[in-house]
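Trainee: I should like to work through the strand arrangement and one cysteine environment in this model. May I put my questions in turn?

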Amino acid sequence: MSIPEIPAVVALPHSDRASDQYESGDASGAGGISAEDDLYSPGDESAQVASRWVEPGVVYLVATPIGNLADMTERAIAVLRGVDAIACEDTRHVRKLLDHFGVRNRVFSLHEHNEAMRSAEIGIRLSAGESIALVSDAGTPAISDPGSLLVRTLKAQGHRVSPIPGACAAIAALSASGLDSTHFWFEGFLPAKTRARESRLQALATGTSTLVFYEAPHRIQAMVSSLKDVLGGAREAVLARELTKRFESLDSGTLESLNDALAQGVIPARGEFVVLVAGTSEQQHESEAQIPVDLLLETLLAEQAPPSMIARVIARLSSRKRNDVYDELLKRGRANDA
Ligand code: SAM
């Protein structure tokens, strides 16, 4: 079987300028990586480092920075240098990143519209002993980004998939949010249309885990307004904006106060956002859940359903024990008879 030709194979020119989307250091110039600090200039030593981390027949999911180039890991650079080619969402975007780290390698596109075709091609290349890296525009591939179809396809074919971990906006935001991070639900992007968005939020409204969303700046106001309307203005939340960049901010408050802050421009609706919302508390959850259960119990009683059947139904639909419900019904019956 011949190895498929993947177009857009590019030899990378070197440039001293990193992407405008990235911070390469703080205002004082301390702490960042500039092109002059080139950690790995191409050469024999970097080739050795690369070969230590790259094996033939493996696809590597390589995380890249979400705004600050200094968050790129040594192993990510070595793997990007050592693989046979790099699949990426946008070849021009990734070239800026690779340029910055002096990585000269071939790149080709893999995005949601060609992922199935590329997955098949990459499978053939791995079988022929090549190694491939996948990167997304920023952060961890396959997290609200292309990659999961590729991973599923390759694993089903018996290929090895290896993660090269690094930045992920959701995890960075959660870790610094101050909300419960023991249990969380990663939702990613909600639907853009209000009705679909609010109906999805209804389904999430009674969960006790912290909710984690991604949102684009042009939708952030409408999205937070929907959160307030469906989950209630009193819920605690955090807006994590421009993480790892110069104007990073993490604003905590209620959904009501954060919605107001966005509407008044106190929190600018610009840049990239992770939105985190506290789960509903167990107590709240129970009291909310009790309303329909009590109503159901009364309805079944009014319909003169037998106590054993009522107890069975209520026990199945709630946290109440069958015997407890049954005893309660018997007591009620005796009280009514007296
Ligand atoms: N795969 C990426 C990851 O691991 O975080 C996420 C990709 S998703 C297409 C892009 C979304 O991630 C943005 O719309 C925003 O919600 C969030 N995001 C990315 N970078 C961010 C940053 N620096 N600060 C806050 N949110 C960010």
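Trainee: In what order do the 5 strands of the open sheet lie?

Mentor: The model is a predicted one. Pairing within this open sheet is mixed. The edge strands, each paired on one side only, are E6 (184–189) and E9 (249–254), and the twist from one strand to the next averages 15°. The order is E6-E7-E10-E8-E9.

Trainee: Which residue of E10 is the bridge partner of Ala 237?

Mentor: Strand E8 covers residues 236–241 and strand E10 covers residues 273–277. The two run antiparallel and are joined by 5 bridges. In E10, the partner of Ala 237 is Val 277.

Trainee: At about what angle to E10 does helix H8 run?

Mentor: Helix H8 comprises residues 220–231 and lies across both E10 and strand E7 (210–215). Relative to E10, helix H8 runs at about 5°.

Trainee: Is Cys 168 buried, exposed or partly exposed?

Mentor: Cys 168 sits in the loop between strand E5 (160–164) and helix H6 (169–175). A residue is buried with 20 or more other C-beta atoms within 10 Å, and exposed with 12 or fewer. Cys 168 has 19 C-beta neighbours inside 10 Å, so the residue counts as partly exposed.

Trainee: How far apart in space are Cys 168 and Pro 65, C-alpha to C-alpha?

Mentor: Leaving aside residues up to four places away in sequence, Cys 168 touches Ala 63, Gly 139, Thr 140 and Ile 143. Pro 65 is 103 residues from Cys 168 in sequence. Their C-alpha to C-alpha separation in space is 8.1 Å.

Note on methods:
Residues numbered from 1 in each chain as written. Predicted model: local features only at pLDDT ≥ 70, side-chain atom pairs only at ≥ 80, totals over all residues. Pairing = 2+ DSSP bridges. Helix = DSSP H or I, 4+ residues; strand = E, 2+ residues; numbered from the N terminus. Axes fitted to C-alpha atoms, helices over the stretch in contact; angles between N-to-C directions. Contact = placed C-beta atoms within 7 Å.
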